[in-house]
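Thanks for coming, everyone. Let me put the structure up on the screen, and then we can walk through it together.

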Amino acid sequence: MEPVIVFDNVHYTYPADEKESLCGVSLSIEKGSFVAVLGHNGSGKSTFAKHMNGILVPDEGRVLVEGLDTSDEEHIIDVRRRVGMVFQNPDNQLVANVVEDDVAFAPENLGVEPKEIRERVDAALRQVGMYDYRMHAPHLLSGGQKQRVAIAGVIAMQPDIIVLDEPTAMLDPQGRREVVDTVFSLCREKGMTVVYITHHMDECIDADRLIVMSNGCVMADGKPADIFANAELLRREGLEQPETARLLQDLRASGMRLEGEPLSVEDCAELIAQVLQSERSRS
Amino acid sequence: MLKDITLGQYFPGNTVAHKLDPRTKIILVIVYIVALFQANGWIGYAVVTAVTAACMALSKIKPSNMFKGIRPMLVIIVLTAALNIFYTQGTPVRPGWIITWEGIARAVQMVLRIVLLISGTFLLTYTTSPIALTDGLELLMNPLKKLKVPVHEMTIMMSMALRFIPTLISETDKIMSAQKARGADFETGSLVQRAKALLPILVPLFVSAFKRADELAVAMESRCYHGGEGRTRMKQLRMQTRDYIALALGAVFLAVMFVLKRYAL
Amino acid sequence: MAEIITDKLCHVYSKDTPFEKTAIRDISLTIPQGQLAALIGHTGSGKSTFIQHLNALLQPTTGRVLLDGEDINRDKYARRDVKWKVGLVFQYPEYQLFEETVYRDIAFGPSNMKLSKDEIDERVREAAAFTGVDEALFERSPLELSGGQKRRIAIAGVIAMRPEVLILDEPTAGLDPAGRTQILDNIFRYREKSGATVLIVSHSMDDVARFAERIIVFDDGGIAMDGTPDEVFSRSQKLVEIGLNVPKAAELALALRRRNIPLPESVFTHEQLLDALLKAREGKAC
């Protein structure tokens with residue numbers, strides 16, 4: 001698979017800080033993959049995200065987006081068009097008083113023809129299921145709806161990559177579900193590359209890849225199943241083990257033979273039920 | 001309570017009044033204000049009132065919504081009425097009273113003038129989305145760009161302000177409740193004490209407004225905002241036949257008002 | 001003593017306007033002294049409106065709120081004094097910090113109570129200790145601290161009033177797992193030491209399953225369920241129907257039951273589920 005974003009030994013320190021917020025991050029993000037990034041508050045995951053579209057640029061090392069260096073002022077708009085960003089607070093990223101005008105904001109900035117903007121806006125709103133709300137005022141929407149409008153506003157730029165920085169941190173469970181479902185459909189159906197930053201473990205279980213960050217470094221990088229099976233690592237990083245992984249681990253400890261690491265509730269229940277039933281038929 | 005303010009609120013609709021080009025409506029409101037100030041006789045006021053009522057009917061704005069918009073101005077209206085009633089010389093209503101017939105007439109006219117002024121401008125904001133309004137302003141002021149007036153920056157600031165007014169109002173509500181829960185008292189005490197009592201609201205409000213501004217700037221840059229240069233708009237403004245008709249009617253209205261003034265009607 | 005009783009509490013927003021909306025209807029509850037109860041429900045189910053009635057921030061449209069048998073809305077003074085007895089911590093309370101120093105911010109509530117300087121000082125230190133706010137931070141500006149620290153300072157600001165009833169609206173929202181555990185532990189410590197009644201609004205069923213003595217489920221302005229975690233979570237199916245989450249362990253138990261694994265009704269924590277599964281296994285093995 002071809003990498004769309006490459007971090008090459010990236011160091012970054014905020015101007016007012018002494019401590020590095022990113023200390024030598026090197027990794028690449030594959031095209032079309034769903035990459036989840038976990039870490040406690042202050043682990044550097046937001047700083048990491050802000051490097052992906054040149055909002056922050058490395059003090060040392062470099063970030064390449066589809067071959068473009070983000071420190072290159074000349075290409076900054078090209079970089080930002082390719083990497084859409086959705087932030088934590090839905091209220092602070094909607095600029096217009098009417099949903100559809102907000103979604104049009106990015107293509108307008110890019111100088112797209114009015115007729116095409118209209119098409120992009122309608123398509124983007126349909127994609128996130130907010131087309132029926134296109135004439136509404138953002139402040140009257142629920143948190144989950146606002147966040148979906150923000151996602152539509154980013155899709156309307158037609159980016160290849162979408163980076164979401166804790167998009168569900170301020171939402172209720174209902175809103176969280178709406179946003180997570182929308183983001184997964186973008187990756188699975190539209191083939192977009194997604195970088196999804198969160199501290200909710202259960203939102204990461206279906207990701208292709210999971211990166212755990214701490215103190216500005218990548219502490220773990222692999223398949224969610226492998227990382228969630230590592231209780232020791234999770235405890236050290238102040239993260240919770242998903243109930244499914246924890247249950248499988250404890251059942252194994254009491255002698256049950258369970259193969260694989262199914263993380264979703266249904267898959268996990270299926271595995272346990274099968275093993276219990278086969279044990280019964282054997283005895 | 002704070003939530004009930006409808007000042008500058010837009011009511012979406014599909015009437016002629018909604019469909020008119022915002023530039024037309026802005027010009028018409030200016031025409032309307034000029035015309036209103038020509039009225040100095042009963043016939044003049046009757047004409048303006050009739051025109052206002054007709055526009056309200058056209059835009060299908062409920063009078064109740066109009067009254068809601070006027071309510072915050074009630075103090076000013078009552079004060080104006082009172083001043084005019086008591087301080088106008090003329091024939092007393094009853095011998096010995098300070099209230100004069102002229103005073104009553106003037107008071108009614110002044111109140112009418114204020115109410116009509118508010119109604120006319122509200123018709124604009126009720127029927128025009130803030131984005132269309134700022135777009136219209138930007139285009140109307142375009143010639144000023146040659147004089148290095150930052151027209152785009154001014155209009156984008158205005159639309160941001162409109163976008164965040166409801167958010168900040170609900171935030172103020174929340175902060176007030178939270179401070180009240182810690183025993184803050186906003187209702188009693190001397191003027192100085194009450195002004196001081198506002199600090200626990202204002203400080204968090206400013207802190208959060210700055211945080212919002214910061215985050216918003218990052219979000220806008222992330223969406224490729226780089227000033228007005230090379231920007232296109234999804235909704236192109238195009239003057240239609242109805243705009244020219246509306247402008248022509250506006251001109252007629254203004255002419256009528258000038259004539260009426262001439263004859264002091 | 002601090003027993004709260006609500007008697008047929010109703011609240012209608014913007015009454016007699018086109019925007020009229022009934023937020024809560026006919027809520028009659030008794031919350032005894034010292035109870036640790038969780039309020040759950042969707043956004044807009046009426047929880048937030050309800051809790052703002054308990055310290056007279058909102059007045060009922062109809063119905064009454066009684067604290068130790070007395071109507072908290074009986075007069076203006078009662079409405080003010082109930083604020084000291086019933087402390088309310090709003091969502092994201094860190095956004096309400098305003099003083100120049102941490103110390104003064106925590107002292108805001110007690111100063112409004114017109115206490116003596118020594119008394120205020122004692123309470124500030126006590127509240128800071130409960131919430132794990134280091135006294136070394138007292139002279140710092142609250143605005144320059146981390147999100148988790150700010151949250152604890154804001155909660156200390158309410159605890160410093162020594163409320164007999166402490167109500168918190170989603171105290172752990174937006175925090176990472178470590179921050180969540182810490183905040184909840186702080187609250188429980190205050191409860192243990194002071195014997196206060198504690199009401200927590202939460203969206204996290206896993207947290208609720210761990211700590212609550214009683215769970216009150218709001219739905220559409222009314223109370224849909226009210227009971228011990230055992231009682232409420234053994235009707236997980238009903239919670240799912242209302243559209244609420246259930247604890248992950250209860251969700252797994254539901255999925256296992258659907259696959260004909262016999263599990264008892266009241267399984268909603270990890271330990272219970274593990275135990276039940278091991279029992280089921282032994283039962284089958286013999």
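Let's start with a salt bridge inside chain B, keeping in mind that this is a predicted model. The side chains of D135(B) and R233(B) meet there, with 2.4 Å from N to O. This pair links distant parts of the chain: D135(B) sits in helix α7, residues 130–141, while R233(B) is in the loop between α10 and α11, 98 residues apart. D135(B) counts as buried because its relative accessible area is 9%, under the 20% cut-off.

Now keep your eye on R233(B), please. What does E108(A) form with R233(B]? A second salt bridge, in fact, with the closest N and O atoms 3.5 Å apart.

That takes us across to the neighbouring chain, so here is the A–B interface. 37 residues of chain A are in contact with 30 residues of chain B. Together the two chains bury about 3,100 Å², and carbon and sulfur atoms give 56% of that. If you would like a few residues to look for, take N92(A), E108(A) and N109(A): they supply 21% of the area that chain A buries against chain B, more than any other three residues.

There is plenty of polar chemistry here too. The count between chain A and chain B is 7 salt bridges, and 16 residue pairs are in polar contact across the interface. On the chain A side, α2 (76–82), α3 (99–109) and α4 (114–127) each supply at least two residues. Which of the helices gives the most? It is α3(A), with 10 residues. By class, the side of chain A that touches chain B has 20 nonpolar, 9 polar and 8 charged residues.

Let me show you two more salt bridges from this interface. In one, E100(A) meets K235(B), at 2.8 Å from N to O. E100(A) lies in helix α3 of chain A and K235(B) in the loop between α10 and α11 (241–262) of chain B, so the pair joins two chains. Are these partners buried or exposed? E100(A) counts as buried, at 4% relative accessibility, whereas K235(B) is partly exposed, with a relative accessible area of 34%.

In the other, R223(B) and D102(A) meet at 3.2 Å, N to O. Here too the pair joins two chains, because R223(B) lies in the loop between α10 and α11 of chain B and D102(A) in helix α3 of chain A. Both ends are buried: R223(B) has a relative accessible area of 4%, and D102(A) has 0%. Over all chains, the count comes to 51 salt bridges.

Next, the interface of chain C with chain B. Here 21 residues of chain C are in contact with 17 residues of chain B. The buried area is about 1,600 Å², 65% of it on carbon and sulfur atoms. Y95(C), Q96(C) and F98(C) supply 33% of what chain C buries against chain B, more than any other three residues.

How many salt bridges cross this interface? The answer is 1: D105(C) pairs with R182(B), the closest N and O atoms being 2.9 Å apart. There are also 3 residue pairs in polar contact. Contributions of at least two residues each come from α2 (76–85), α3 (102–112) and α5 (147–159) of chain C, and α3(C) gives the most, with 4 residues.

Let's stay with α3(C) for a moment. Of its 11 residues, 9 are buried, so this helix is largely enclosed by the rest of the structure. Among the buried ones are Y103(C), D105(C), I106(C) and F108(C). The buried residues pack against α8 (151–181) and α10 (199–222) of chain B, together with α2, α4 (117–130) and α5 of chain C. After the helix comes K114(C), whose phi is positive, near 60°.

Now a word on the nonpolar cores. The largest has 55 residues, and those with the most contacts inside it are I151(A), I162(A) and F228(A). F228(A) touches residues including L38(A), M201(A), L234(A) and L263(A).

Last stop: S45(C), in the loop between β3 (36–40) and α1 (47–54) of chain C. S45(C) counts as buried, at 2% relative accessibility. A polar atom of its side chain lies 2.7 Å from the backbone oxygen of H42(C). Leaving aside neighbours within four places in sequence, the contacts of S45(C) include A23(C), F218(C) and D219(C).

That's my tour, and I'm happy to take questions.

Key:
Residues are numbered from 1 along each chain as its sequence is written. Chains are lettered from A and ligands numbered from 1 in the order in which they are written. This is a predicted model: local features need pLDDT of at least 70, side-chain atom pairs count only at pLDDT 80 or more; totals for chains, interfaces and linings use all residues. Side-chain values use heavy atoms; hydrogens and water are left out. Contact means heavy atoms within 4.5 Å. Buried area is the accessible area (1.4 Å probe) that two parts lose on being put together, summed over both. A salt bridge is a side-chain nitrogen of Lys or Arg within 4 Å of a carboxyl oxygen of Asp or Glu. A polar contact is a pair of N or O atoms within 3.5 Å; within protein, one must be able to donate a hydrogen and the other to accept it, and residues adjacent in sequence count only if both atoms are side-chain atoms. Ala, Val, Leu, Ile, Met, Phe, Trp, Tyr, Cys and Pro count as nonpolar, Asp, Glu, Lys and Arg as charged, and the others, Gly among them, as polar. A nonpolar core is a set of buried Ala, Val, Leu, Ile, Met, Phe, Trp, Tyr and Cys residues joined through side-chain atoms within 4.5 Å. Buried means under 20% relative accessible area, exposed over 50%, partly exposed in between (1.4 Å probe, protein chains only).
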